[in-house]
Amino acid sequence: MFEELPYYVVGLISFIVLVFASWCVGEGGEVLGKKYDASIIGGLVIAWLNTAPEAIFFITALESSNPRFAVGAVSGSSVVVCTIALGACLYIGTNARKSRSIVLQPQVKRQCMILGMSLSVTLATAIFGFQMLCGVAGVLFYIGFIINSLQTRIPDGEKEDDVELGMGEEEDEHEEDVPTYKGVLYLVAGGLLIFGFSKPFISSVVEAASSLKVNPVLLAFFLAPIASEMPEILESVSLSRKGSSQNINIAYSNLVGGTITKTTLLTGILSLYGVSRGFVWESPSFSVSLILLVICASATAGIGYFFPKQQSWHALFLVGLFIVTGIIEYTTNSSFEEHTAEHIQMEQVMT
């Protein structure tokens, strides 16, 4: 559909469509969030709408024997979600509320705890490399997460909403009840647009970086992951801008649920592909990338689980963490690139 258009036109069109798609997902999440658990709508439904296109990009990289892009898709995108996307959610959401803080629902806090536990799979992969045991453990952990999420319910009387917490906004009390089917239609429309336009947007960013001769490390671990996570960043803004506690819980759950998918399922698939295809574990590049993922995801899980209230300073902390991890990531992988290039040159001279 876009093959004959310049990459910058494709990028602009795709970005505009993704903005609209994110608005649709945000509206659908808001409608369904009033009727169902935030952890189900955000952590499973919306999370998969966002993660599926990225998972396709991830599998494509592995099928084309490019594990570096696959590691970048898992590590870089998770770092972006746990810092930039969540930071936007917390900063915009808290500043849109009179209390300047939010309180996560028990089920969302539980997801944060599960995220922290899931990092054992990622950390083991970072330490031991491609291992069949790590791959199987990642897939099984994710299956357990899905089953646990579907079986766990919060009784209506125990759900904490804005009114009970005394932090509600006046407009929340007078909103009309929107039919469930409209929320479903919003999610379906937004999901289809994300499926259709995520890949052209990512491809346009990659092509732009290549034409501008951007460093391959910057492309693999920063630009491509940020491009792939653009829908989630936009949805975080869309859901949080009104300051509704339920919407912010959905946004937080969406980001946590998507990250759990990467720290377990995608990391597990990475190990399984590495073992079956005989990929070389590029150390310390891959190990550092996954350890930085663990650090950022731990911050997301810790802020959600251990703090009784989430405030705007948490958002600023996450942005600062992104800057620090970005510098470490770029320095480590650039050094690895230079060392690899020198090694190849020496081999060529000797032969």
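# Loops, a buried threonine and unpaired cysteines

Arg 100 is partly exposed, with a relative accessible area of 43%. That label sits between two limits: buried means under 20% relative accessible area and exposed means over 50%, using a 1.4 Å probe and protein chains only. Bear in mind that this is a predicted model, where local features need pLDDT of at least 70, side-chain atom pairs count only at pLDDT 80 or more, and totals for chains, interfaces and linings use all residues. Residues are numbered from 1 along each chain as its sequence is written, and side-chain values use heavy atoms, leaving out hydrogens and water.

**The overall picture**

- The protein comes to 13 helices and two strands, taken as DSSP runs numbered from the N terminus (helices: H or I, at least four residues; strands: E, at least two).
- Of its 351 residues, 55% are buried.
- About 15,400 Å² of the protein is exposed, and carbon and sulfur atoms supply 67% of that; the area comes from the Shrake-Rupley method with a 1.4 Å probe.
- Looking at contacts (heavy atoms within 4.5 Å) with a separation of 6 or more, 87% are between residues 24 or more positions apart.

**Positive phi outside glycine**

- Arg 100 isn't a glycine, yet its phi is positive, at about 60°.
- You'll find Arg 100 in the loop that runs between α3 and β1, with β1 covering 101-102.
- Ser 65 is another non-glycine residue with a positive phi, in this case near 60°.
- The loop holding Ser 65 lies between α2 and α3, and α3 spans 67-95.
- Ser 65 counts as partly exposed because its relative accessibility is 47%.

**A cis peptide bond**

- The peptide bond joining Ser 283 and Pro 284 is cis, with omega about 10°.
- Pro 284 belongs to the loop between two helices, α11 (245-277) and α12 (285-306).
- Pro 284 therefore sits right before residue 285, where α12 begins.

**Thr 122 and its partners**

- Thr 122 is part of helix α4, a helix that runs over 106-128.
- With a relative accessibility of 0%, Thr 122 counts as buried.
- Setting aside neighbours within four places in sequence, Thr 122 is in contact with two threonines, Thr 263 and Thr 267.
- Under that same condition, Thr 122 also contacts Leu 290, Leu 293 and Val 294.
- For orientation, α11 covers 245-277 and α12 covers 285-306, so the numbering of those partners can be read against these two helices.

**Cysteines**

- Searching the whole structure for disulfides, meaning pairs of cysteine sulfur atoms within 2.5 Å, turns up zero.
- Cys 112 is accordingly in no disulfide, and the nearest cysteine sulfur to it belongs to Cys 82, 10.0 Å away.
- Cys 112 is buried, at 1% relative accessibility.
- Cys 134 is buried too, with a relative accessible area of 9%.
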